[in-house]
Amino acid sequence: MQNSPSPETPEAWDAASSGYAEKVAPRLMRAFMEEFVERLDPAPDAQALEVGAGSGVLTEALAQQVDRVLATDFSPAMIKLLESRMHEIGATNVACQVMDGQALALADASFDVVASSFALMLFPDRARGFAEMSRVLRPGGRAMVSVWDAPERLEALGILLQAVRKAFPEQPPPPAPLPIFSLADPLQFRAEMEEAGFTEVEIASTARELSVPDFDQLW
């Protein structure tokens, strides 16, 4: 019996990259991106770093507002998809590099803004991830990190998990809490960012409605 790769590895995200880019990110995440960039409020001449860029829904929004974007992800397959997407939309101010957000191969204080969307909550070592973002941010710069709120507020996932449990009752339940909710507590979220060196940390919530025509689309 062959074990499946851990979800915390580049190999796992390589395997999931096309499905994530085609079905997950556009449906679940794209609707948040304009507001995220507004909250970040970058200057037009800003040099921006994105950590855990994935297939690039935040990258697209950032590229329209800043001078240059360096989009990084530890999954080579994700970066390949991201490069293709940036070429498709003509985003010539975006560079894409394979890089681990827990060990950024970048100089200290080298970016005006640093952003990470729905990624830090999954880092095996979040403290290192936050510390690296803080390290490469210039004095007076701004950072934005988005995560999923508590499970009771993410109704779409709750509906899906209930259906899966009913259809496959013999399957063991997923770990509790799910890793995607590991930063749902705003006090913990703030504490981890402040521990990494961020100041004036603000935690805000936002919500979007998700409409799907049938279970197949939800799945």
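Q: What makes Ala71, Ile79, Leu82, Glu83 and Met86 count as contacts of Cys96?
A: In this predicted model, leaving aside neighbours within four places in sequence, Cys96 is in contact with Ala71, Ile79, Leu82, Glu83 and Met86, where contact means heavy atoms within 4.5 Å. The model's local features need pLDDT of at least 70, side-chain atom pairs count only at pLDDT 80 or more, and totals for chains, interfaces and linings use all residues. Residues are numbered from 1 along each chain as its sequence is written, and side-chain values use heavy atoms, with hydrogens and water left out.

Q: Why is Cys96 called buried or exposed?
A: Cys96, which lies in strand S3, has a relative accessibility of 15%, and because buried means under 20% relative accessible area, exposed over 50%, and partly exposed in between (1.4 Å probe, protein chains only), Cys96 counts as buried. Helices (H or I, at least four residues) and strands (E, at least two) are DSSP runs, numbered from the N terminus.

Q: How do you know that the end-to-end span of helix H3 agrees with its number of residues?
A: The expected span of a helix is 1.5 Å times one less than its number of residues, so the 14 residues of H3 (residues 76–89) should span 20 Å, and the end C-alpha atoms are indeed 20 Å apart.

Q: Why are the buried residues of H3 said to line one face of the helix?
A: Met78, Ile79, Leu82 and Met86 are buried in H3. Seen down the helix axis, the buried residues of H3 fall within an arc of 95°, so they line one face, the arc being that of the directions from the helix axis to the C-beta atoms. The face turned away from that buried side carries the exposed residues Lys80, His87 and Glu88, while the buried residues pack against H1, helix H2 (57–63), strand S2 (68–73) and S3.

Q: What makes the phi of Ala109 and of Glu200 worth noting?
A: Most residues other than glycine have a negative phi. Ala109, in the loop between strand S3 (94–98) and strand S4 (111–117), nevertheless has a positive phi near 50°, and Glu200, in the loop between helix H6 (186–195) and helix H7 (215–218), has a positive phi of about 55°.

Q: Why is Ala109 called partly exposed, and Glu200 exposed?
A: Ala109 has a relative accessibility of 34%, and therefore counts as partly exposed, whereas Glu200, with a relative accessible area of 77%, is exposed.
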